[in-house]
Amino acid sequence: MRQPDRRGTLVMYGAITGTPPPFHLDRLSGITAPHRTAGSLSLRWASASHYLSDATAHARATHAVLTAVRKGNLTPRIVDRLPLSEAATAHRRLADRSVTGKILLAATHSP
């Protein structure tokens, strides 16, 4: 994993496929980094449920994300498109962390 720049923040978000691998906090100091290019870093674990605790907040956030996608300011990373019949395969791939991004499931498959 590439480290953030000096005084940067590493944000963990969306880790719904289980516990992430161990992370040694001493890596945040920059002292143990191979090239000592980073340091004084912070780590934050964010959960959408803490920020979107009611329907209004959820609707506002959804609108902001969809607007950003429509304007081209946010591009979701879609790694695969599968027919709905392959939902179990998609789930396994996400659970074993063999993909980084989204797998879309469609009622009808189009290449």
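**View 1. R97, with a relative accessibility of 40%, is partly exposed.** This close-up, like those that follow, comes from a predicted model. R97 sits in the loop that runs between α3 and β4. Its backbone is worth a look: phi of R97 is near 60°, a positive value in a residue that is not glycine. For background, most residues other than glycine have a negative phi. The same loop between α3 and β4 also holds G101. G101 has 29% relative accessibility and therefore counts as partly exposed, since that class lies between the under 20% of buried residues and the over 50% of exposed ones.

**View 2. Strands β3 and β4 pair side by side in the parallel sense.** Strand β3 covers residues 78-83 and strand β4 covers residues 102-106, and five bridges join the two. To get from β3 to β4, the chain passes through helix α3, residues 87-95, in a right-handed β-α-β crossover. If you would like to follow the pairing residue by residue, L82 has L105 as its bridge partner in β4, and P83 has A106 as its bridge partner there. As a reading aid, in a regular strand the side chains alternate between the two faces of the sheet.

**View 3. P83 is a residue of strand β3, and its bridge partner in β4 is A106.** Is P83 buried or exposed? At 16% relative accessibility P83 counts as buried, because buried means under 20%. P83 and A106 are 23 residues apart along the chain, yet their C-alpha atoms are separated by 4.9 Å. Buried residues such as P83 make up 17% of the 111 residues in the protein.

**View 4. R93 and D80 meet in a salt bridge.** The N to O distance between the two side chains is 2.7 Å. This contact links distant parts of the chain, with R93 in helix α3, D80 in strand β3, and the two 13 residues apart. In general, side chains of opposite charge can pair when their charged atoms come close. How many salt bridges does a search of the whole structure find? The search finds one. Both ends of the pair are partly exposed: R93 has a relative accessible area of 23%, and D80 has one of 24%.

**View 5. Residues of two loops can be followed across to other parts of the chain: P76 lies between α2 and β3, and G101 lies between α3 and β4.** P76 has a relative accessible area of 43% and is therefore partly exposed. The C-alpha atoms of P76 and K102 are separated by 7.5 Å, although the two residues are 26 apart along the chain. For G101, the residue to look for is D80: their C-alpha atoms are separated by 8.7 Å, with their positions 21 residues apart in the chain numbering. D80 may be familiar from the view before this, as one of the salt bridge residues.

**View 6. A nonpolar patch on the surface is formed by V65, L66, V69 and L74.** Together these residues have about 310 Å² of accessible area. One of them, L66, is found in helix α2, which covers residues 55-71. Is L66 buried or exposed? With 52% relative accessibility, L66 counts as exposed, because the cut-off for that class is over 50%.

**View 7. The whole chain helps to place the close-ups, with three helices and four strands.** Going along the sequence, the pattern is β-β-α-α-β-α-β. How far should you trust the details? The protein averages a pLDDT of 80, and 77% of the residues score at least 70. Confidence is highest in β3, at a mean of 94, and lowest in strand β1, residues 9-12, at a mean of 73. Please keep in mind that where pLDDT is low, the predicted coordinates should not be read in detail.

Key: Residues numbered from 1 in each chain as written. Heavy atoms only, no water. Pairing = 2+ DSSP bridges. Right-handed = clockwise from strand over helix to strand, strands pointing away. Patch = residues over 30% accessible without salt bridge, like charges linked within 9 Å, V, L, I, M, F, W, Y side chains within 5 Å. Areas by Shrake-Rupley, 256 points an atom, 1.4 Å probe, with all protein chains shown as cover. Salt bridge = Lys/Arg side-chain N within 4 Å of Asp/Glu carboxyl O. Buried < 20%, exposed > 50% of the residue type's maximum accessible area, 1.4 Å probe, protein only. pLDDT = per-residue confidence, 0-100.
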